[in-house]
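Student: I have a new model open on my screen and would like to walk through it with you. Could we take it one residue at a time?

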Amino acid sequence: MKNLIFQLLDRSGLVRLFRALKQRRAVTILLFHDPSPAAMEMALAYLTENYRIISLATYLEARKTGTTEGLPDYAAVITFDDGHKGNYALLPVFKKYGVPATVFLCSAIVDTQRHFWFLEAEGQLPVEELKGLSNQERLDRLSEIGFEEQKEYATRQALSAQEIGEMRPLIDFQSHTRFHPILTNCRQARVRTTLQGAKQKLEEQFGLSIYALAYPNGDYDATTIEETRNAGYRCGLTVDHGFNDDTTDLYRLRRLDVNDTCNIHELVVKSSGLWQHLKALRRS
Ligand SMILES: [Zn+2]
């Protein structure tokens, strides 16, 4: 049913109209997680035709000068959250299209055999419900299925240091905290240690220059923003839908979650922001 809706919206001309009105003079930031190389090939073939892919740093540079006027029409930034192992297999596709991307890493999970809690919980615990619990309650529930943040498993889920090194010439790596807690459910001291700790480790051990944070699950509040700024990050990325211009709060950058899909109609509709816009209209 949803597929049919995406197809109809794609063909209706609404996407084109919405893009011309809302997207042309703004910067769109897209969010992927762990797409297959085939899905990424399809996505980049479409995106490079219909957007001008710029780096996150280019947008921030423009903001520093006070205006994004010099940026191209339909500028878009491609981002990935978590630092999934599968991201490495996307490198040839990015090389082929010669476009930049930013990958947000969990500093305590990359280059280890530790697991992402939400992947471990999948099928065993109600993940969405866990996201609403206090940090300690969430960890307690996870320990019921044998999950521990520090535990090393037989399989690797995140990128290795070597893979990160190989991707670095083209791919920008930034911070997604240490273990992917829901920051708004953490005490302030923990927010501080995970934000500072991730930045420090990624810079010292991986030689990266960390200026951006993607809030896990897109969740943030005033304390999160205060700590993000104090830890030395120059911006914070949410999953609030919409576009970014000269006036967007740098600690509330908007991103469109486009789903790691192989379906072209869904990609066309979601990358335009129309889908998220219609969903918000329905809610209000
Ligand atoms: Zn994440």
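Student: Happy to start inside a strand: is Asp82 buried or exposed?
Tutor: Keep in mind as we go that this is a predicted model. Asp82 sits in strand S3, which covers residues 75–82. Its relative accessible area is 3%, and the cut-off for burial is under 20%. Asp82 is therefore buried.

Student: What is the phi of Asp82?
Tutor: Let's begin with the usual case: most residues other than glycine have a negative phi. Asp82 is not a glycine, yet its phi is positive. The value is near 95°.

Student: Which other residue that is not a glycine has a positive phi, of about 60°?
Tutor: Look at the loop between strand S6 (212–214) and helix H11 (222–230). The residue there has 29% relative accessibility, so it counts as partly exposed. The residue with this phi is Asn217.

Student: Now to strand S4: which residues does Thr102 touch, leaving out those up to four places away in sequence?
Tutor: Thr102 belongs to strand S4, residues 101–105. At 2% relative accessibility it counts as buried, because the limit is under 20%. Its contacts are Leu56, Ile78, Thr79, Phe80, Asp172 and Gln174.

Student: Let's try a loop. Which backbone nitrogen lies 2.8 Å from a polar atom of the side chain of Glu152?
Tutor: Glu152 is in the loop between helix H8 (135–144) and helix H9 (161–167), and with a relative accessible area of 47% it is partly exposed. Leaving out residues up to four places away in sequence, it touches Thr112, Gln113 and Arg114. The backbone nitrogen at that distance belongs to Gln113.

Student: How far apart in space are Glu152 and Ile109, C-alpha to C-alpha?
Tutor: In sequence, Glu152 and Ile109 are 43 residues apart. In space, the distance between their C-alpha atoms is 9.6 Å.

Student: Why is helix H12 described as largely enclosed by the rest of the structure?
Tutor: H12 runs over residues 264–272. Its buried residues are His265, Glu266, Leu267, Val268, Val269, Lys270, Ser271 and Ser272. They pack against helices H1, H2, H3 and H13 and strands S1 and S8. H12 is largely enclosed because the number of its nine residues that are buried is eight.

Student: Which residue caps the N-terminal end of H12?
Tutor: Look for a side-chain oxygen that lies 2.8 Å from the backbone nitrogen of His265. At the other end, just after H12, Gly273 takes a positive phi of about 85°. The residue that caps the N-terminal end is Asn263.

Student: Stepping back, what radius of gyration does the protein chain have?
Tutor: The chain has 13 helices and eight strands, and its C-alpha trace spans about 50 × 45 × 40 Å along the principal axes. For 284 residues, a compact globule would come out near 19 Å, so the chain's own value agrees with that. That value is 19 Å.

Student: Last one: what share of the contacts with a separation of 6 or more comes from residues 24 or more positions apart?
Tutor: As background, buried residues make up 52% of the 284 residues in the chain. Among contacts with a separation of 6 or more, the share from residues 24 or more positions apart is 70%.

Technical notes: Residues numbered from 1 in each chain as written. Predicted model: local features only at pLDDT ≥ 70, side-chain atom pairs only at ≥ 80, totals over all residues. Heavy atoms only, no water. Buried < 20%, exposed > 50% of the residue type's maximum accessible area, 1.4 Å probe, protein only. Helix = DSSP H or I, 4+ residues; strand = E, 2+ residues; numbered from the N terminus. Contact = heavy atoms within 4.5 Å. Polar contact = N/O pair within 3.5 Å; in protein donor to acceptor, adjacent residues only side chain to side chain. Rg over C-alpha atoms; globule rule 2.2 N^0.38 Å.
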